[in-house]
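Here is a short tour of a model you may want to open in your viewer while reading. Keep the backbone display on, and follow along from sheet to helices to loops.

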Amino acid sequence: MFHRKRSTEDFVEEIKAHLELEADDLKREGLSEDEARSKARREFGNVSVAQERFYIKGRWVWLDKLLRDLRFGLRLIRQNPGFAATVILTLALGMGANTAVFSVMNAVLLRSLPVTDPQRLVYLRTSNSPRGTGTIDSTATFSYPVYDALRRQGRSLSRVIAYVPLSSFKVAVRYGTEPEEADGDMVSGAFFSGLGVKLARGRSFSEQDETNHAPIAVISYNYWTRRFGRNPDVLGKTLYVNGVPTTIVGVSAEGFEGVEAGRSTDFWIPLQSRAELNAWGNPLENGKTYIDNPSWWCLRLLGRLAPGASKVQAVAQLQFSFQRAAYIGLGNPQSGERKPILSLVDAKGFPGYDAEYGKPLRMLMAMVGLVLLIALSNVVMLLMSRNATRQREFSMRLALGAGRGELFRQLLTESLLLVSMGGILAWVFAVYATRALAAWAQIQSSLAPDRTVLLFTLGVLAFAAVLFGLAPFRVAIAGGAELAMKPSTAMSRLDAGMTRTGKTIVALQMALCVVLLVGAGLLIRTLRNLENTPLGFSTKGLVVFELKPHVTSVPQGVAFYQELMSKLRILPGVESVTVMEERLGSGASDNSDMNVDGKLPDVANGTSRTVRSNVVGPNFFHTLGVPVLQGRDFTDSDNATSPHVGIINEEFAKRFLPNQNPLGHSIGPVHFPYQMTIVGVVKDHKYRSIAETPIPMAWYMYAQIPIIGQMNVEMRVHGDPLAILPSARKVVLQLDPNLPLIQPMTQRAQFEQTISQQLMFARLAEFFGLLAIVLVATGLYGTMAYRVNMRTAEIGVRMAVGARRGQVVWMILKDSLLLTAVGVVLGIPLALMVGEALTSSLYGVKPLDGMSYLLAVVGVTLVALAASAVPAGRAASVDPMTALHTD
Amino acid sequence: MTTRKNKDDRIALLQGTLDLLILKTLVLGPCHGQGVARSIQRQSEEVFFVDHGSLYLALQRLEDKKWIRANWGVSENNRKARFYSLTPKGREHLVEKTSEWRRLARAMGLILDSSIGPSGEEA
């Protein structure tokens, strides 16, 4: 409480007492009773006015003061709009960048899953999978028998929940006649109830639904909004998933976007057991779905710890059942085989996020932190130098009885005014920036700022407000009340202290700027290197899309793709068409060891035997434009009845068939009884990503292997590659009305996705580097202009005694060059540390890249010169006579 | 402000000075509002005229700032009155402000007493 609440009655009582006391005194001085009373009243003045003033004051004194301070602050802003705009914009950019990056970090690394009691939720992990199994992720996916065994244990893990995507990208869905793509998962019946996710509409799944493989679906709130405009009639509608009809029975709670890293799940269906809805959209293996196939470890598992159970207890209790279940259907473990070991990890955040985005995000946060530091110190300097010119105002007010507290309150109000305007702008900026960041990082889950971010921003704002109030306050009271009486030359004493602080700040800013510029330089050069890396083929005119036809047998699948390719080839503008199982530039690859001529090839010690393979269609290398060095490309005449053929790359030939003609040798995967004869050798080219180094590769002909399912169609066309898509879509629909084109894009764009992180990183670094430069320039300009202002008289004297313009300009420039030199000397060691930390994010650039350092130093020097040019020019044009008369 | 210059030589108080005078008066011991007014008038040899409305608001303001505190009590002639006394914080403030005013007054005196007219623009 700042002031005691005192009643008006009490005040009236006091005045009454006063009048009586006064009358008593007057009577004692010889006046009559009546005279004394009326004189006391007259002397007092207007009693009711006094009462009214008391009333108003008691009630509104703080509001009144606040309003007065606000009005005063606004007047100051209006007096000097340029200053206010600089401060507000500086704050908006500095804080906006921080809010945006923090918002992403919060969403990606800090926010927990929007489920009930996330602390009790764990992900199941295994040290490895048994020999002879295939996995999606060797430590994070499990077979159906394992899931089935663990969920029946049900003691320390009260719930075990399985979830598995219906596709590694998106699945084909349809509501009306037009097929489209969506992100869908198959989940346990206990998915929603076990996670504790409420439904916004309708019902969730039950254990029964899982057992019966009920054809029902729950859609996400986000998808409901995006696709259906929150139409409540969506319940009961039929959703065709890969052509299988399911009924929408519910809409999940707002904010729940699934438990898959970086993805926003659109719909969920109970675990199914049918070919069209196999896990990950894979074709059946020997006619078995994931449920009947114990050698395919493809399910992700979540568990909820039973009340009172710890992770250690749960692992101890489940380990035996897990290890037994792991070998169901696989036979006994071989001697010496490492048994898989179960472990549990906290599921507070999203799996995989930290590994993928943790490091770049922390680096970004550090970068924007530096930018904020520069921005804040800039504003402090601006405020200090402006308020130094207000010194007399402050001294005068102190002399007239204003308390230090009042002065501080006034300054705080002024700073709050600026900070809140900057803050509002920063928030708007951040909201847009997070959208851009989400697009660049290809994170589909929501990154929008939430309450935690708001608190963070408010915290920074409050800190800034107090800082901006305190810094000028020191200057303000330094003069004391006496200064009001002194002529202006007395100010020079203060000026020295003030500019020393200012110079230190500018030098530090320069240092930080060097760090940011070196970092930005390294990242941008990395990006240039990546962008200019030859792929080994031309992406001009290449467009790619994925199809997931419903395939019941291999001949039917082959017939489908044959018909498709022949129909696509005759479209106008199409040069050539082929298919491939793994899409180029998607980061995916099929890796295995390969026999050469019936045995594992001899390799030099430590060299890997791993071969990447892909299943492709006829004219594959012709379509891509990859040169065939020896032999031939696949053709339409390579079919199921003709001899099995394969094609390898240079690296394969070099490593496994050195110094001999590779054509005619037979190769085949170790674990699969399939042999093919090498008919061609092609030039090495980029396969998974831009940054990869060549590794041995082999290609199979799709029409010859005993397995077929989803494929990517690659087309080379004349003109704009994307323009062919509408007619391609029509062709596909004629063949199957349930098939959407999944992830259609140019091949170039697909490869660029593999450097999207570097791309984002470099673009942001570039932006923050520029921002830092601009901020440092304004800061330096402010300090220099202020100094020149302060030294007007001195400059006048110098010029009066014969200094030339050039000498005066040099005097000012020397000042800022000196600051730059100090900043560079301080900044380079820091930059070395940053470069070291960035090493793993660089491509084709050494952390000690001379060019980046040189550009950074040249950059800050130019900025220093530019920022001091105007003040220096002003100094040189000082008229000695005017200067001497000033003040 | 309702303070006006009377037909005699009484001077309206400068803003900010009233607080100081009240604090100074209370150094001598607790006193009620009317006593403070009388004391200021008397001690300034009747030069200052204290507007009573402003006085009570000033007392309230000082109380809000915790420089003085107030209690109801009984005056020497047995009247109920609100007595004000100085707090340690108020005493501190008084010492600080007093020296400031002394310096201000001295400086004013120096300027006004010097034989040169209003100072020029030269620095």
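In this predicted model, chain B holds an open sheet of three strands in the order 2-5-4, paired antiparallel. Strand 2 (31-32) and strand 4 (68-74) of chain B are the edge strands, each pairing on one side only. Two bridges link strand 2 of chain B to strand 5 (residues 80-86) of chain B in the antiparallel sense, and His32(B) stands opposite Phe83(B) in strand 5 of chain B. Strands of a sheet pair through backbone hydrogen bonds, either parallel or antiparallel.

What lies across strand 2 and strand 5 of chain B? Helix 1 of chain A does, running at about 100 degrees to strand 5 of chain B.

That same helix, spanning residues 8-28 of chain A, also approaches helix 2 (residues 33-43) of chain B: the two axes come within 8 Å and cross at roughly 50 degrees. The angle falls outside the ranges for roughly parallel (under 35 degrees) and roughly perpendicular (65 to 115), so helix 1 of chain A and helix 2 of chain B are oblique to each other. On the chain A side, the contact uses Glu14(A), His18(A), Leu21(A), Glu22(A) and Asp25(A); they meet Gly33(B), Gln34(B) and Arg38(B) in helix 2 of chain B. By class, this contact between helix 1 of chain A and helix 2 of chain B has one nonpolar, three polar and four charged residues.

Now for chain A as a whole. Chain A has 24 helices and 25 strands, and buried residues make up 44% of its 887 residues. Of the contacts in chain A between residues at least 6 apart in sequence, 82% join residues at least 24 apart.

Which residues of helix 21 (residues 792-800) of chain A are buried? They are Ile795(A), Gly796(A) and Met799(A). These cover an arc of only 105 degrees around the axis, which puts them on the same side of helix 21 of chain A. An α-helix has 3.6 residues a turn, so residues three or four places apart point the same way. After helix 21 of chain A comes Gly802(A), with a positive phi near 110 degrees.

Most residues other than glycine have a negative phi. Here are two non-glycine residues with a positive one:

| Residue | Phi | Location | C-beta neighbours within 10 Å |
|---|---|---|---|
| Arg230(A) | about 55 degrees | loop between helix 8 (221-228) and strand 9 (238-241) of chain A | 13 |
| Gln743(A) | about 45 degrees | strand 25 (residues 742-746) of chain A | 15 |

With those neighbour counts, Arg230(A) is partly exposed, and Gln743(A) is partly exposed too.

Notes:
Residues are numbered from 1 along each chain as its sequence is written. Chains are lettered from A and ligands numbered from 1 in the order in which they are written. This is a predicted model: local features need pLDDT of at least 70, side-chain atom pairs count only at pLDDT 80 or more; totals for chains, interfaces and linings use all residues. Helices (H or I, at least four residues) and strands (E, at least two) are DSSP runs, numbered from the N terminus. A residue is buried if 20 or more other C-beta atoms lie within 10 Å of its own, exposed if 12 or fewer, and partly exposed in between; C-beta atoms are placed from the backbone. Two residues are in contact if their C-beta atoms, placed from the backbone, lie within 7 Å. Axes are lines fitted to C-alpha atoms, for helices over the stretch in contact, and angles run from 0 to 180 degrees between N-to-C directions. Angles under 35 degrees count as roughly parallel, over 145 as roughly antiparallel, 65 to 115 as roughly perpendicular and the rest as oblique. Ala, Val, Leu, Ile, Met, Phe, Trp, Tyr, Cys and Pro count as nonpolar, Asp, Glu, Lys and Arg as charged, and the others, Gly among them, as polar. The arc is that of the directions from the helix axis to the C-beta atoms. Two strands pair if DSSP finds at least two bridges between them.
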